[in-house]
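I set out to record where charged side chains sit in this model and how they pair. The entries below follow the order in which I looked things up.

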Amino acid sequence: MNFFKKFGIMNWEEIMQLETLPKVGPKTINILNKLNINTIEDLLTYYPYRYNVIKLININNADETLTTYVKAKIISVPKVAYIKKNFNRLDFIVQNNNIQFKVVIFNRAYLKKLLTVDREIIVVGKYQKLKNVFTASDIKFKIDEERIEPIYHLTEGLKNSFVESIMSSALDLKLTIPDYIPSYLNEKYHFITKDDAIKLIHKPKSIEDIKSSELKLIYEELFIYMFKINYLKSVNKVNNGIKKDFDMDIVQEFLASLTFELTADQIKTIEEILNDLKSDKKMNRLVIGDVGSGKTIVAIIATFANFLSGYSTAFMAPTEILAKQHYETIKEYFKYFDINICLLTGSLTKKKKISIYKEIENGKYDVVIGTHALLNENLKFNNLGLVITDEQHRFGVNQRNILQNKGMNKEADVLYLSATPIPRTYALTIYGDLDLSQIKTKPNIRKEIKTKVVYEQNIKEVLMAMYEELKLNHQIFVVSPLIMQNDELDLNSVIKLKEKLDIAFNKKVRIEILHGKLKQKEKDELMKEFQRGKIKILISTTVIEVGIDVPNATMMVIFNAERFGLATLHQLRGRVGRSNLQSYCYLVTNTKNNERLKVMEESSDGFYISEMDFKQRGQGDLFGIKQSGDMSFKIANLNRDYNILMQTNKDSNEFLTSNNYKENELYKDIIKQDKNLFKIFVIIYFTIPPCINPS
């Protein structure tokens, strides 16, 4: 406990206010708030994401993979080349240790007047020995000291040097930040103190300082996370649910009426769900299934059993396109049964929504399918017994809880569906509070999608393949990362692609564009036209990744494929091959030797691909998308720190089962907090905006 807090010398909340720091006024506080820095404790736990080792070296000792600092003398007049609008290149020759080399820096034309011949400067960047070119990220005219510089994520109006300055002021206060690691574990692993870890993470004097402080803070963060997961799991074991009573013979008759054969994984998952429904414990199950594995029919059977028990079902999807598709699919399956189904989406008029709200409250509908509109506080269910959330990672925890709490006595069974395949060991850890079902096998009627990586200079090969599919009256998806062309990125935009494809096919086929900025009505109309076969080529951003089912679409062409993660590419590929027709996927790239994309040629197993994605990509891609109410990590990286995660899982379980947490004030406070705090998931969100994917 902090000295001030312990003896009541000053109000703890007042000490923690940012305005107590020098040079921090209202304007700065507003900027810091954008980074979720609201108190001094938040500031001290805003960790650097990397470090610059500021140490001057000779150019012949430069490591090509590292950012280096080299003092050099300018020996040629700098030249400026204007490549594009608002994009310029400055280059000149310098000398260090009797070695001459070229320096190149972008968008620094304004420095030309300062870079005079014979002047000594410090160039910061990376040196390519073979080309004898130093690509600079910065040019400095002096360095005050050699040191390790922490680099923080910034926002507009905030400089790294200022963050360093106020961080130093905060450290000078010598406030004690609570250490959540139980003392016996601190001793067991010989961790440094929390105070030392906070100080050294921001002001390291050596690489060893960084390593020891990171280990302490990463372990602590993951320990807290796994404690919450394991605590919630123990709570869920005693959660009361609604015991469903249904005639299993009728369910079997429904299964027998299906026109296709269920896979072994589907049958096993259905058995697990039906057993959950029969239990007096609340179902809390996640079904993870690869693209096209048949999760929807599993959800439909759960809905049918819930209906036979006399309860209604709420089925929430992330987009109107997907909600409408589920609506049409479920209506078709239940057409011979007296099951009333309605669709509730945001695009309905206010009058229509109010009318549907009343009908739902009066118990008119057995199945309500919708989008975020289901979360409206005015919507009340009559006898909600089952909540199904499709593509659950698209919703924040708070959103999912709102819908679950609309159930009878908040005891509705919960079924999550996710098409994000992840290795079972990862899933069991990060979704530790859920029962898990996995569907890996795919229906036999589906043919393997033939996938090929093609360099953009060989685009004629792709166009010929597209032409052959069009001759068969099949349809094609084309995906681009951008909506409008960006001058600074050599990427194809959907608009530019349409112009090119119109020329390639002489405007003899109908080509349309679908993207997230269109109004919902426009999106729906385009999808209807595509599903009816009137649009032959649909050019889109990743908005089509989830939920669109067009059996006649047999080709997926993805431009600038190197900009997407493997799992995103796999999800996109899954939009074709939805029937017994042979389907194809072309990954168009302008990057040579991109071995990463070869994985897509080798395998169609989403679980294998996701595992490769884990190995090849970092936390910023896989775990960096934050949702309201969901947990995000300040320093831990679930990919890099997986072994630590597994150890904290074991340690937190022992801490929990020993009941030692009941004697720990910090953990007693955690337990007393809002119970929703424990409804935390790490979101495995592969569909990141492709234009910022560093791959």
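**Charged side chains**

I began with Asp245, which counts as exposed because its relative accessibility is 65%. The model is a predicted one. I placed Asp245 in the loop that runs between α8 (207-236) and α9 (248-256). I then looked for its charged company on the surface, and found a patch of negative charge that gathers Asp245, Asp247, Asp249 and Glu253.

**Entry on Asp42**

I next asked which side chain of opposite charge is nearest to Asp42. It is Lys634, at 4.5 Å, and Asp42, although buried, has no salt bridge. A salt bridge is counted here only within 4 Å. I located Asp42 in helix α4, residues 40-44. I also noted a polar contact to the backbone: the side chain of Asp42 reaches the nitrogen of Asn38 at 3.0 Å.

**Entry on salt bridges**

Side chains of opposite charge can pair when their charged atoms come close. I searched the whole structure for such pairs and recorded 20 salt bridges. I looked up three of them individually, as follows.

I took the pair Lys268 and Glu272, whose closest N and O atoms are 2.8 Å apart. Both residues belong to helix α10 (residues 264-278), where they are four residues apart, about one turn of the helix. I classed Lys268 as partly exposed because its relative accessible area is 48%. I then followed the links outward: Lys268, Glu272, Asp276 and Arg285 are joined in a network of salt bridges.

I turned to Glu359 and Lys364, which form a salt bridge with 3.5 Å between the closest N and O atoms. I checked the exposure of each partner. Glu359 has a relative accessible area of 22%, so I entered it as partly exposed. Lys364, with 42%, is partly exposed as well.

I closed with Asp641 and Arg640, a salt bridge in which the closest N and O atoms lie 2.7 Å apart. Is Asp641 buried or exposed? I entered Asp641 as buried, because its relative accessible area is 6%. Arg640 is exposed, with a relative accessible area of 52%.

**Summary entry**

I retain two contrasting notes on aspartates. Asp42 is buried and lacks a salt bridge, whereas Asp641 is buried and has a salt bridge with Arg640. I also retain Asp245 as a member of the negative surface patch.

Methods: Residues are numbered from 1 along each chain as its sequence is written. This is a predicted model: local features need pLDDT of at least 70, side-chain atom pairs count only at pLDDT 80 or more; totals for chains, interfaces and linings use all residues. Side-chain values use heavy atoms; hydrogens and water are left out. Patches are made of residues with over 30% relative accessible area and no salt bridge: like charges are joined within 9 Å, nonpolar side chains (Val, Leu, Ile, Met, Phe, Trp, Tyr) within 5 Å. Accessible areas come from the Shrake-Rupley method with a 1.4 Å probe; for residues, only the protein chains shown count as cover. Lys and Arg count as positive and Asp and Glu as negative; His and the chain ends are not counted. The place of a charge is taken as NZ of Lys, CZ of Arg, CG of Asp or CD of Glu. Helices (H or I, at least four residues) and strands (E, at least two) are DSSP runs, numbered from the N terminus. Buried means under 20% relative accessible area, exposed over 50%, partly exposed in between (1.4 Å probe, protein chains only). A polar contact is a pair of N or O atoms within 3.5 Å; within protein, one must be able to donate a hydrogen and the other to accept it, and residues adjacent in sequence count only if both atoms are side-chain atoms.
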